[in-house]
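Biologist: I'm new to this, so could we go through the structure together? I'd like to ask how each label is earned.

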Amino acid sequence: MKYCEEYGTLLDAYVDGELSSTDTLRVAEHLKTCGGCRSYVDAALAIRAAFPDEEDEAVPEEFAAGVLSAVREGKAPRGEERETSPVDKKARWKKLALPLAACLALAVVAGQWQWFSAKESFQASAAMTQDAAIPDPAPMVPALAAAPAGEGGGAAETRSTSGAADENEKRIAGTEEAVPEAECDASDDGGVDEYQYVTSSDRAENALSAAPVMNDANAEKEHAISVTLTQEQGDVLAPLLSDCTLESSGEDVVYLLTAGRFHEILAELERQNIPASVTEASDGAPYRLYIRYRAFS
Amino acid sequence: MSNPTEQALIDAARAGEEAAFEALIRLYEKKVFALTRRLCPNPDDAAEAAQDAFLAVWQGLPFFRGDAGFSTWLYRLTTNACMDVLRREGRHAAGAGPSLDDEALNIDIPSTQETPQQAAERSELRRAIEEGLQTLPPEYRAALVLRELHQLSYGEIAEALDADLGTVKSRISRGRKLLRKYLLETGNFSPPGASKETGRGGRQ
């Protein structure tokens, strides 16, 4: 028996105690007469009852001691131990911002979603196809110019390789806003150095907030699929994503993919007729998927 | 929010007392491992992320304002640490699913008042849930684990994942539905209504 469409979205919040008292009563009343919804709630409670418990976590005996000795070794320096003041973001930025390419790349990507959400017409694949049909001889980001020109044609509906310059222009338009806040986490800094410039709260803020997050100086040299999905469409992709590396779990979800998975996802999107923006880069560049989910009703 | 003892530990650790910090680690290490092990299926990565999370706590404590709860902040640092570790590893994940033989997943549940058979059933369902969690997209998995294992509210999960409330609501709902589907399809749930598990109710 299936749960009803009408109550389906309320049942989880009901189980989680996240409904208003009015809605809680409404759902409780409904459950008396609806076997489908009741069995969903029962299943949710059974999952909860059997859910893994923190008490089952075996933590290595020496774990806490290991953290403390790392602290003593200066792996998490505080305040005056830092090279720069933790609040001196400008200094940090200046220091890290020097490789212009890195920051341009970052800004380009950071601006991507601004463009992405602004350009609603992106959803119209017809428009996208039209864009793609106009060859642009001077793409602004070299790596995108390197995208194999011939390959885009076969799947024009979802690919916008030759429209990439247009896209980049718009991405770069977002640069001004994106740069000051963006984390420029130069990847050639070792893991330890990272702590010297970036406070943990910075890390927390930056790792999750400015999406999509990039920490690669060659950020523009990536193969990227950018797509806006409904939750249902997300479910279709779910089996392809479970073993992929999640890089950001904020509003914009970012995955690092293998080349194989990249093409599988692309194929799946095409099969589902879901429009996506695709950029391609040279061999050896990383493959990423950027997902933004539509608002949940 | 933190209880008085915990608050005292937080204050002392913030002031630089290592003993207090160690006590804080011991207070939270299981919860942190519970999260890192499910986000980083490789046990070494999970341990590394757990350590990084606590190092970030040590480093960030002087600036921790306490307007979010300590635990929520810790889980946020933990989630970030997991993603940092995975990114650092450049882990190209194809076929890198979790090994079901991993010690972390091979859970022995102490039975208290349950009969051995009930304990076995629950243990079986728990194992299936672990497997099912690994079939979920990680962002659904993180939200569901924070809800069911860490027992965070939607608002706290939103803070921990830096997502908005609607997104969290949706990830939990979708994640749970996918998990339920997995359990039904793998025969780990009896037909609706006939489940023996249902009488047990929630944990809280």
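Biologist: What makes A:E57 and B:R38 a salt bridge?

Modeller: A salt bridge is a side-chain nitrogen of Lys or Arg within 4 Å of a carboxyl oxygen of Asp or Glu. In A:E57 and B:R38 the closest N and O atoms are 2.9 Å apart, so the pair fits the rule. Before we go on: this is a predicted model, where local features need pLDDT of at least 70, side-chain atom pairs count only at pLDDT 80 or more, and totals for chains, interfaces and linings use all residues. Residues are numbered from 1 along each chain as its sequence is written, chains are lettered from A and ligands numbered from 1 in the order in which they are written, and side-chain values use heavy atoms, with hydrogens and water left out.

Biologist: Which other residue meets A:E57 in a salt bridge?

Modeller: B:R37 does, at 2.7 Å from N to O. B:R37 sits in helix α2 of chain B and A:E57 in the loop between α3 and α4 of chain A, so this pair joins two chains. Helices here are DSSP runs (H or I, at least four residues), and strands are too (E, at least two), numbered from the N terminus.

Biologist: How many salt bridges cross between chain B and chain A?

Modeller: The rule finds eleven across that interface, and 33 over all chains.

Biologist: Why is A:D16 called buried?

Modeller: Buried means under 20% relative accessible area (exposed is over 50%, partly exposed in between, with a 1.4 Å probe and protein chains only). A:D16 has 6%, so it counts as buried.

Biologist: And what does A:D16 pair with in a salt bridge?

Modeller: With B:R147, the closest N and O atoms being 2.9 Å apart. That pair runs from the loop between α1 and α2 of chain A to helix α6 of chain B. B:R147 is at 4% relative accessibility, so it counts as buried too.

Biologist: What else does A:D16 touch?

Modeller: Contact means heavy atoms within 4.5 Å. Leaving out residues up to four places away in sequence, the neighbours of A:D16 include A:R48, B:E148 and B:Y154.

Biologist: How many residues of each chain are in contact across the interface?

Modeller: 97 residues of chain B are in contact with 82 residues of chain A. The buried area is about 8200 Å², with carbon and sulfur atoms giving 56%. Buried area is the accessible area (1.4 Å probe) that two parts lose on being put together, summed over both.

Biologist: What makes A:Y3 and A:Y40 an edge-to-face pair?

Modeller: Rings of Phe, Tyr and Trp (its six-membered ring) pair if their centres lie within 6.5 Å; planes under 30 degrees apart count as stacked, over 60 as edge-to-face and the rest as tilted. For A:Y3 and A:Y40 the centres are 5.0 Å apart and the planes 65° apart, so the pair is edge-to-face. A:Y3 lies in the segment before α1 of chain A and A:Y40 in helix α3, so the pair ties together parts 37 residues apart in sequence. Both A:Y3 and A:Y40 are buried.

Biologist: How do you know that B:F64 and B:F70 are edge-to-face?

Modeller: Their ring centres are 5.9 Å apart, with 80° between the planes, so they pass both cut-offs. B:F64 and B:F70 also belong to one aromatic cluster with B:Y28 and B:W73.
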